[in-house]
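Me: I have a model open and would like to go through it piece by piece. Could you keep me company while I look?

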Amino acid sequence: MPPRRGVRARPNGRFYAEMRAGGFRITLGTYNTPELAARAYDAAAWRFRRPRRDMNFPDVESLEEAEFLAPTPCLIDDEDRRRHHQVQRRIAIAEHDEELMRQWRAHFPNDVDNTDAFFADLRAHRRSNRRHRRASAEFELDNPNTTWADNEPRWDDIWTETTSDDE
């Protein structure tokens with residue numbers, strides 16, 4: 001069986017479908033076969049306007065067809081129904097957020113550029129600040145007349161990484 005995108009095997013022999021969107025993992029349900037779980041993933045991928053290369057069945061031509069072919073998850077009791085309703089609500093909210101962000105990027109491309117520049121400047125400022133703190137700590141280490149106490153937390157800045165773009 002070829003690997004299916006967004007599908008995981010469960011120890012009980014069933015298959016779990018999930019999707020990641022906007023930093024969140026969205027549970028799509030548990031299914032009896034990997035093909036059914038993959039169909040559920042594809043229906044969600046269509047709803048999120050994912051490219052066809054991200055889909056398990058690229059021959060599906062539309063969202064309507066994908067939703068028609070996708071099974072409904074097994075809803076056994078009220079708790080399953082509640083969870084399914086909650087997941088559907090989260091998917092709808094995530095879809096709406098992605099659509100609004102797409103519209104915002106289309107209408108305000110300068111804001112996108114300004115946002116990118118802002119975060120690039122912020123990273124540069126943080127890198128500079130880390131370098132300065134480390135240089136100060138190294139200077140105090142070499143200075144025999146240091147005014148820093150032995151338990152000064154600024155000593156930890158000697159170990160600060162200054163080459164990383166993290167933070």
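Reply: Gladly, and one term comes first: a contact, or one residue touching another, means heavy atoms within 4.5 Å. This is a predicted model, in which local features need pLDDT of at least 70, side-chain atom pairs count only at pLDDT 80 or more, and totals for chains, interfaces and linings use all residues. Residues are numbered from 1 along each chain as its sequence is written, and side-chain values use heavy atoms, with hydrogens and water left out.

Me: OK, so what does Phe 48 touch?
Reply: Not counting residues up to four places away in sequence, Phe 48 touches Met 19, Ala 21, Ile 26, Ile 91, Ala 94, Glu 95 and Glu 98.

Me: And which residues touch the most other members of the largest nonpolar core?
Reply: Of its 25 residues, these are Met 19, Ile 26, Leu 28, Ala 37, Phe 48 and Ile 91. A nonpolar core is a set of buried Ala, Val, Leu, Ile, Met, Phe, Trp, Tyr and Cys residues joined through side-chain atoms within 4.5 Å, where buried means under 20% relative accessible area, exposed over 50%, and partly exposed in between, with a 1.4 Å probe and protein chains only. The elements that give two or more residues to this core are E2, E3, H1 and helix H3 (78-107), and H1 gives the most, with eight residues. Helices (H or I, at least four residues) and strands (E, at least two) are DSSP runs, numbered from the N terminus.

Me: Tell me about H1, then: how many of its residues are buried?
Reply: H1 is mostly covered, with 10 of its 14 residues buried, and among them are Ala 37, Tyr 41 and Trp 46. The buried residues of H1 pack against strand E1 (7-9), strand E2 (15-21), strand E3 (24-31) and helix H2 (63-69). The helix itself covers residues 34-47 and reaches 20 Å from its first C-alpha to its last, close to the 20 Å expected at 1.5 Å a residue, the expected span being 1.5 Å times one less than the number of residues. After H1 comes Arg 49, whose phi is positive, near 55°.

Me: Switching to the strands, how many bridges join E2 to E3?
Reply: Seven bridges join E2 to E3, and the two run antiparallel, with Tyr 16 having Thr 30 in E3 as its bridge partner. Two strands pair if DSSP finds at least two bridges between them. E2 and E3 form a hairpin with two residues between them, and Gly 22 in the turn has a positive phi of about 60°. E1 and E2 also pair in the antiparallel sense, over three bridges, and Val 7 stands opposite Ala 17 in E2.

Me: Why is E2 largely enclosed by the rest of the structure?
Reply: Six of the seven residues of E2 are buried, so the strand counts as largely enclosed.

Me: There's a glutamate in there, Glu 18. Is Glu 18 buried or exposed?
Reply: Glu 18 is buried, with a relative accessible area of 6%. Its side chain is joined to that of Arg 8 by a polar contact of 2.9 Å, meaning a pair of N or O atoms within 3.5 Å; within protein, one must be able to donate a hydrogen and the other to accept it, and residues adjacent in sequence count only if both atoms are side-chain atoms.

Me: Back to Glu 98, which residues does it touch?
Reply: Glu 98, in helix H3, touches Ala 21, Gly 22, Phe 48 and Arg 50, not counting residues up to four places away in sequence. Glu 98 counts as partly exposed, at 30% relative accessibility.
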